[in-house]
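Let's take a walk through a protein chain together, starting with the whole and then stopping at a few places along the way. Keep the picture open as you read.

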Amino acid sequence: MEDVPVTVAAVTTVGDDAKVIEFESPDGFEAQPGQFVKLGTVVDGEEMNRFYTISSADVDETFDVTVEIDPEGEFGPYLDDLAAGDSLTMSGPYGSDYYEDEPRVVVLAGGPGVGPAVGIARRAVDDGGDAAIVYRDDEPIHEDALAALESDGVTVHVLDADADMTDTVADVVTGTDGEQVFIYGFADFLDAATAAVEATGINPDKAKVENFG
């Protein structure tokens, strides 16, 4: 889809300067958790677009994106003011590193990578599979979603942003058939997560990875 109008269904605060924006899915929209979309609008006469990874388990009627808002940014303050009934344009979905019905998922998430982590884990559980999340951030968000996943049997580890991940990743990566490792976050987190996966004896090239920049 290209520059399709999408309407905000709801906005929920999920942490300091962090919100989940739920959009009504346009007709014919199909996507998997872990894929991303481009959202855009015109701000002060200037067209602006940013990419956001889907953080809902499905897109059947609505889809979510998780936004960590930079008050000093160009697009963040606009998103911060969105309310139900407002609209943006959407293009997508994009990306090839997404959930594909794997029976067990392990999601390593840094910072905003927790958005797709909760979506993938929720979908895996809803499909009858197993899930584990290792989330590294000094100011964790999505705590309610993570707690709900834990109550449904998902293994969740929340670490400080500079914590060593090696032992924790070793605890959740089993190497069993059908297990898929996902890594979502910024470049420095990806380096740490990839090294932790490699330390388990698993080939990190088999992980599905999204670099947020």
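Among contacts in the chain between residues at least 6 apart in sequence, what percentage join residues at least 24 apart? The share is 69%. Keep in mind as you look around that this is a predicted model.

Now for the overall view. The chain is built with 5 helices and 11 strands. Its C-alpha trace spans about 50 × 35 × 30 Å along the principal axes. For 213 residues, a compact globule would have a radius of gyration near 17 Å, and the chain agrees with this because its own value is 17 Å. Of these 213 residues, 49% count as buried. The accessible surface of the chain comes to about 9,900 Å², and carbon and sulfur atoms account for 41% of that. There are charges to notice too: the chain has 9 positive and 48 negative ones, and the mean positions of the two groups are 5 Å apart.

Our next stop is Gly34, which you can find in the loop between strand S2 (18-24) and strand S3 (36-43). Is Gly34 buried or exposed? Gly34 has a relative accessibility of 2%, so it counts as buried, the cut-off being under 20%. Leaving out residues up to four places away in sequence, Gly34 touches Thr53, Ile54, Asp97, Tyr98, Pro116, Ile120, Tyr184 and Glu210. Take Tyr98 from that list: Gly34 and Tyr98 are 64 residues apart along the chain, yet their C-alpha atoms are separated by 4.3 Å.

Two other names among the contacts of Gly34, Tyr184 and Glu210, lead us to a pair of strands. Strand S10 (residues 179-185) pairs with S11 in the parallel sense, over 4 bridges. Within S11, Glu210 is the bridge partner of Tyr184. Strand S11 itself covers residues 208-211 and has two faces: Lys208 and Glu210 make up the covered face, while Val209 and Asn211 make up the uncovered one. So that you can place Glu210 in one picture, remember that it lies on the covered face of S11 and touches Gly34.

Let's finish in a helix. Thr168 sits in helix H4, which runs over residues 166-172. With a relative accessible area of 14%, Thr168 is buried. Which residues does Thr168 touch, not counting those up to four places away in sequence? They are Val134, His157 and Leu159.

Technical notes: Residues are numbered from 1 along each chain as its sequence is written. This is a predicted model: local features need pLDDT of at least 70, side-chain atom pairs count only at pLDDT 80 or more; totals for chains, interfaces and linings use all residues. Side-chain values use heavy atoms; hydrogens and water are left out. The radius of gyration is taken over C-alpha atoms; the globule rule is 2.2 Å times the number of residues to the power 0.38. Buried means under 20% relative accessible area, exposed over 50%, partly exposed in between (1.4 Å probe, protein chains only). Contact means heavy atoms within 4.5 Å. Accessible areas come from the Shrake-Rupley method with a 1.4 Å probe; for residues, only the protein chains shown count as cover. Lys and Arg count as positive and Asp and Glu as negative; His and the chain ends are not counted. The place of a charge is taken as NZ of Lys, CZ of Arg, CG of Asp or CD of Glu. Two strands pair if DSSP finds at least two bridges between them.
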